[in-house]
Amino acid sequence: MTTTTIPARYLTADLLADLAADTGPEPATAPAIDSATDRALSDGATRFWRAPFARETYREAGYVLTSPFLAAAGFTWTVVLFALGTGTLVTALGLPVLALMLAGARGLGAVERGRVARLLGARQAAPAPVRPARPGGWGRLAAQLTDQAGWRAAAYQVLMFPWHILSFCLTVTFWASGAAMAALPAYNWVFPHYVGWPGYKIFDYTSGGVRHAYYLTHFWQLAGVSVAGVLMLFLAARLTHALTVVSRRAAAALLAG
């Protein structure tokens, strides 16, 4: 709309009425659609439904399922040698033991960086090698003891051990429970034939001389449990991804150069 300035001497009553009639309310502006948010929601829903069939999901599950073994080795190495080294600092043995601990933590960190790159698709640059500032054995020992990358790798071995154990337990629980529930209609016949139950037993107890028991025997019960199991498998895939996000960030913070 163009604004025109009219001298005051020309503003008659009729002209003012015409101007008021011509000037209507400003057209309403349609609310802007947050297309980025819509795309994010759509992508999130797509990832949720495709997760159990994605190759990345099985690589992430493989990472989680194999992590406790390497984590246990790293935790044991770091804690045992740190306790031994600090306990013998009053002797000449303590410093070399701590240096050995840091060198081993660096090596285990390199193995972990490789696993994160292969299975989680997150590549980090390796830290710079240890360079002694002075020649000789004491120079190498001092450089090893002041190696920040070695101390970060040692911290990773200690801090991530309980996380890897928790991730393993949650992943196994959700995947195994979901698979067992989804496949229940296929093996529910085992219970009446070989166990003596009419179906899968939910609970069976006696209170006040009255027995309370509930078994899954009808088709609609088995179908409901199977559907719930399939949904749990989808949740298990997203849970596995969420758990590995923490592992990616920890590796980037403590193992990268």
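Here is a short conversation about helix packing and salt bridges in a predicted model.

Biologist: Why is helix α3 called oblique to helix α6?

Modeller: Helix α3 (residues 55-87) and helix α6 (residues 148-182) pack at an angle of about 140°, with their axes 7 Å apart. Roughly antiparallel needs an angle over 145 degrees, and roughly perpendicular runs from 65 to 115. The angle of about 140° fits neither, so α3 is oblique to α6.

Biologist: Which kinds of residues make up the contact of α3 with α6?

Modeller: The contact divides into 18 nonpolar, eight polar and no charged residues.

Biologist: What makes Arg59 and Glu56 a salt bridge?

Modeller: A side-chain nitrogen of Arg has to lie within 4 Å of a carboxyl oxygen of Glu. Here the N to O distance is 3.9 Å, so the pair meets that cut-off. Both residues lie in helix α3, three residues apart, about one turn of the helix.

Biologist: Glu60 also forms a salt bridge, with Arg248. How do you know whether these two are buried or exposed?

Modeller: Buried means under 20% relative accessible area. Glu60 has 5% and Arg248 has 17%, so both count as buried. Their closest N and O atoms are 3.0 Å apart. Glu60 lies in helix α3 and Arg248 in helix α9 (residues 219-254), so the pair ties together parts that are 188 residues apart in sequence.

Biologist: And why is Arg211 called exposed?

Modeller: Exposed means over 50%, and Arg211 has a relative accessible area of 56%, so the word fits. Its salt-bridge partner is Asp204, at 2.5 Å from N to O. Asp204 is partly exposed, at 30%.

Methods:
Residues are numbered from 1 along each chain as its sequence is written. This is a predicted model: local features need pLDDT of at least 70, side-chain atom pairs count only at pLDDT 80 or more; totals for chains, interfaces and linings use all residues. Side-chain values use heavy atoms; hydrogens and water are left out. Axes are lines fitted to C-alpha atoms, for helices over the stretch in contact, and angles run from 0 to 180 degrees between N-to-C directions. Helices (H or I, at least four residues) and strands (E, at least two) are DSSP runs, numbered from the N terminus. Angles under 35 degrees count as roughly parallel, over 145 as roughly antiparallel, 65 to 115 as roughly perpendicular and the rest as oblique. Ala, Val, Leu, Ile, Met, Phe, Trp, Tyr, Cys and Pro count as nonpolar, Asp, Glu, Lys and Arg as charged, and the others, Gly among them, as polar. Buried means under 20% relative accessible area, exposed over 50%, partly exposed in between (1.4 Å probe, protein chains only).
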